[in-house]
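Take a look at the model below. The text after it moves from the overall layout to the bound ligands.

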Amino acid sequence: MYSQDELREICSKFAIYGDFLVAVPFGSGHINDTYQLTYDQGGVRLHYTLQRINHAVFKNPVHVMENMDRVTKHLLDRIHSRHIETKKRTLRLLRTFSNVPYVQDSRGSFWRAYVFVENARSYDVLETADQAYRTAYAFGEFQNDLTDLPGPRLHETIPDFHNTPRRVEQLEEAIREDRVGRAGGVKREIDFVMKRRGDTEKLLRLNADGDIPERITHNDTKVNNILIDDLSGEGICVLDLDTVMPGLALYDFGDMVRAGTSPAEEDEVDLRKVGMRFEMFEALFSGYTASAGNFLTPAERENLPFAGKLITLETGIRFLTDYINGDIYFKTRRPSHNLDRCRNQFRLVESIERQMNRMMELV
Ligand code: ADP
Ligand code: GN1
Ligand code: MG
């Protein structure tokens, strides 16, 4: 935990005009520590976002910031070509007095700050099909905008992030080590994964065979990583750019299906409430293909439903692995939290499997 005085000291390195008033914890992300800052600028109150990068997860925070700096600058250029008003439409990184977009504190942590986007919010659960359409449209547009990013390949901020077979191996390692004695209690969940092991290599194989290209993708398109404008309802600003790196477009669509189609929160324990709402899938599909349809290959398009199943399975595997490892990766608020999330995701996988034919007919 950081005190207000420590946070004020960190903020003083950023070139922000005015007096620091307060930093309040903000949002429901599982990885970084996010604060909303309030500044007094000559009697006017203004907000910024301050974030501590989780360097246990992102081993090279400077690489994360190099990617983010390039990506946000390019997005701003692209957005300029479409809109007169660009202020809310991409994250705007603040710079320090030494002109870098991050601060390293005395404990070794890295911090960054953005302009806070007002009159917009992120949703943990999507409420309407219109929100699903606009969320998917915005993530598709984001991918489209990055198809012509100049310069070298982006850094892989987390290697093998969506390598599902590797995620299964990590689960097996966790079971073998069984550091906190939890593996014996989750045999059913482990079985659930092993029965589906055959599915996990499909996209990597299509990529290796040249049917699905590497692109620049977001890789963490859960629906609370986008801000929806309060007034227009538009998916106005894509957030959480730490994992923007080379990937497959299908990972992004798959994660939207995972996070955007169930009416229940990701950690809902009443599994009767969990399932894929077909009309939400339909809306995600139309929104995504409206903005990304011009560059998708036939193999990408055909695998949109499968990607939803794969990324939901993969995320469940990651929660299960973290549960067995003793909750060292995702933030948790109770001992069974990761296991609850895992069971929730696996229930969603079953629901997607039951509706697979219908999804395939649609695409
Ligand atoms: P994490 O990596 O922990 O998920 P995020 O970057 O997703 O962190 O931020 C957490 C939450 O903070 C978001 O879901 C969003 O609600 C809010 N948030 C982040 N950046 C901004 C911003 N610039 N303006 C408004 N809200 C923001
Ligand atoms: C994490 O950072 P956040 O909360 O947006 C995770 C995603 C998972 C997601 C599950 C860097 O996302 O990969 O899909 O939790 N991010 C990282 O809710 O591991
Ligand atoms: Mg997030």
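What follows is a walk through a predicted model, from its domains to its ligands.

Start with the chain. The protein divides into two parts: domain 1 spans 4-118, and domain 2 spans 129-362. These bounds come from an automatic or database domain assignment. The C-alpha centres of domain 1 and domain 2 are 26 Å apart. The two domains touch. On the domain 1 side, 27 residues are in contact with 33 residues of domain 2. Contact here means heavy atoms within 4.5 Å.

Now turn to ligand 1. Where does ligand 1 sit? Ligand 1 occupies the largest pocket. Around ligand 1 there are 18 residues. The closest of them are Gln 51, Val 117, Ser 122, Asn 224 and Asn 225. Both domains take part: domain 1 (4-118) and domain 2 (129-362) each give at least three residues to the shell around ligand 1. By type, the shell around ligand 1 holds eight nonpolar residues, nine polar and one charged.

Oxygen atoms of ligand 1 have polar partners in the protein. Ser 122 places a polar side-chain atom 2.8 Å from an oxygen atom of ligand 1. Asp 240 does so with a polar side-chain atom at 2.9 Å from an oxygen atom of ligand 1. Asn 224 uses its backbone instead: a backbone N or O atom lies 2.9 Å from an oxygen atom of ligand 1. How much of ligand 1 does the protein bury? Taken alone, ligand 1 exposes 550 Å², and the protein buries 95% of that.

Next comes ligand 2. The space that ligand 2 takes up is the largest pocket. Around ligand 2 there are 16 residues. His 30, Lys 222, Glu 266, Arg 318 and Tyr 329 are the closest. Which domains supply the shell around ligand 2? Domain 1 (4-118) and domain 2 (129-362) each supply at least three residues. The shell around ligand 2 divides into six nonpolar residues, four polar and six charged.

The polar contacts of ligand 2 run through side chains such as these. Tyr 329 has a side-chain N or O atom 2.5 Å from an oxygen atom of ligand 2. A polar side-chain atom of Arg 318 is 2.8 Å from an oxygen atom of ligand 2. For Asp 220, a polar side-chain atom lies 3.2 Å from an oxygen atom of ligand 2. Ligand 2 exposes 440 Å² when taken alone, and the protein buries 97% of that.

Put the pieces together. The shell around ligand 1 draws on domain 1 and domain 2. The shell around ligand 2 draws on domain 1 and domain 2 as well.

Methods. Residues are numbered from 1 along each chain as its sequence is written. Chains are lettered from A and ligands numbered from 1 in the order in which they are written. This is a predicted model: local features need pLDDT of at least 70, side-chain atom pairs count only at pLDDT 80 or more; totals for chains, interfaces and linings use all residues. Side-chain values use heavy atoms; hydrogens and water are left out. A residue is near a molecule or strand if one of its heavy atoms lies within 4 Å of it. A polar contact is a pair of N or O atoms within 3.5 Å; within protein, one must be able to donate a hydrogen and the other to accept it, and residues adjacent in sequence count only if both atoms are side-chain atoms. Accessible areas come from the Shrake-Rupley method with a 1.4 Å probe; for residues, only the protein chains shown count as cover. On a 1 Å grid over the protein atoms alone, a cavity is a set of points where a 1.4 Å probe fits but cannot get out, and a pocket is an open set with protein on both sides within 12 Å along at least five of seven lines; lining residues have an atom within 4 Å of a point. A molecule sits in a cavity or pocket if more than half of its atoms lie within 2 Å of its grid points. Ala, Val, Leu, Ile, Met, Phe, Trp, Tyr, Cys and Pro count as nonpolar, Asp, Glu, Lys and Arg as charged, and the others, Gly among them, as polar.
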